Amino acid sequence: MNKGWIASSLSIVLAGLMTSAVSAQEQPTIKDDGYRHLMLTGGGLTLCTSMASDTCNETDWIDSKTMRTNRYIDLSEKSIKTAVSDEYWTGFREEARKKVDEALKLIYDRMNEEIITERVFMREFTRRATLKTYNALSEAEWNKLVDLLEMPVPAELDEKINLNESQNKPAVDIYRQFIDMAKTTRFDDSKKPTIFFTTSSSRDPYNEVDYYMDLFSQLGAEPHWFPVDAALIKAQQEGRCDELADVQEEVLGAYARDRVYRDRYQQQVEFCKAPKEALKMVRQANAIFINDGDANLTRSTFINEDNQPSDLLRDIVSFVQSKRLVVGGNGAGAVALTSKPMISNGTTESAIKDGAFASEPPPFGCDLDATCPTNTNPDTLTFHPLGGLGLFHFGILDSDFSDKGRYGRLIRLAGDSGTPLSLGIDENTAMKVNLEKGLFDIVGERGVFFVENAQSVPTAVASTFHYLVAGASGMMNPYGLQTAEFSDQSGIVKENPTTNFLTDRGLVDSIRVLCGEERNEVTLLNKDYRLIARINDASRTAEAGGECQVINGKIGIAYQPEEKL
């Protein structure tokens, strides 16, 4: 087999795709009242906080005496003994447990301090003497270790946000627009919109509560924590509310949260014992916001074990449909909203080479502690075939999209599952959607990648694609993009361009040449993978902010190891 044949075979697949009849400058012919039911964000909405000073322009406002600024690690003899006890380590990982014990004592001897910040702990554990031990731990084992060593959070110290000093202005604007969406559901315009946020996508259900409380409060809303998550639901179902900490270990892989967040934990236990409270909260809300993290955890929160929606989810869907409630999701929180196959893990490399698997997502580093589900590894593309929460009925959703080179995994899942439309949303970007008419607006910093008519063979995928950036709008249905108006924004992309399409922005950076008059095709090589993107007479392009927007482009990605050429 030669390289020319591979390129030719990809071209044949590309040429065989149906041409979509999308007009790049055509406005929807139906009336748009401006109402949007959902806000789907691509993740990366980092803000300036007292816990993340590196995201701030200025830091002189941070006061460690009145604000939470760090997680603190306890390296006392008693704390270390608990963290490396047999209670938390299986016999299979006995050697790892011993190495961790040695590493912790070495760090203590080197620091000669019992209490250090998590940042210092991370720095010390990754020094040469203990780096091998660190690299041998799975993500679950590392999280468990930090949880068990963590000091209790003082009740009087909350994480604080400073919107004015945030480097990430697009994120601030996206959150402001979500508050504006919440206002459209109010019966009384004189009252602040009521926002209930859930941390159901998080392994640690309490870590981001103060963050969202302060964020939505500063933006002029009345915020409340909606304390539902997969562990709480299981505890309710099994009558184990008083044993919630044990259930959190089993379901979330979160340890000692009752010791670290005493007040928040007790609040959730009381909520667990009052199952009707969740429905009351939904009826009071103008908006619900779901945080980033793990889409599978949010799915397990709202979908029963028999794959039927819970009563809570039925109420949410009903209120969204009747325009009494809007819903937003960040990153994985947005991915979980689809009714189509729900992505839960995977890289483009693994997706193109090995395909998609209807399986539980493998934990990161599961190859190190033998916790990977059968036939999977940490990079395997996994999905839930019955979808997520079902609010977004147009297509598959993916997040952190161009920024992590997730083109291949989205096209693979679309092709393998026969899903006509799929969407990938970039970081610091959001898509506001009207569920009745399919109208949408793209806001923020980057863009949304639309996949249509995806096809797949064992080691290659291809599809029609559209790429629209912030400022664009249009209309879609479950079969594709119907109309679109290009953005004319003038902001400039600041990142250095790359051709790496497996884990970075290589595709959207490279298709910029298609907005010129001389090129109609781009070919990229990355490791053992080849990507071809092209336009033809049915395509439309337009520049915006240094990016090239494309309607009716064609893309193909193939796995082509050198030894087979």
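In what order do the nine strands of the open sheet run, and is the pairing mixed or not?

1. The order is β5-β4-β6-β7-β1-β13-β14-β17-β18, and the pairing in this open sheet of nine strands is mixed. Strands here are DSSP runs of E, at least two residues long, numbered from the N terminus. Two of them count as paired if DSSP finds at least two bridges between them.

2. On the basis of the model: it is predicted, so local features need pLDDT of at least 70, side-chain atom pairs count only at pLDDT 80 or more, and totals for chains, interfaces and linings use all residues. Residues are numbered from 1 along each chain as its sequence is written, and side-chain values use heavy atoms, with hydrogens and water left out.

3. The nine-stranded sheet has β5 (222-225) and β18 (480-485) as its edge strands, each pairing on one side only. From one strand to the next, the twist averages 20 degrees; axes are lines fitted to C-alpha atoms, and angles run from 0 to 180 degrees between N-to-C directions.

4. Within that sheet, β13 (residues 429-433) and β14 (residues 439-444) run antiparallel and are joined by five bridges. Ala430 has Val443 of β14 as its bridge partner.

5. A further open sheet has three strands in the order β8-β10-β9, also with mixed pairing. Its edge strands are β8 (342-345) and β9 (356-358), each of which pairs on one side only. Here the twist averages 40 degrees from one strand to the next.

6. β9 and β10 (residues 381-384) run parallel, with three bridges joining them. Opposite Ala356 stands Leu381 in β10.

How values were computed:
Helix = DSSP H or I, 4+ residues; strand = E, 2+ residues; numbered from the N terminus.
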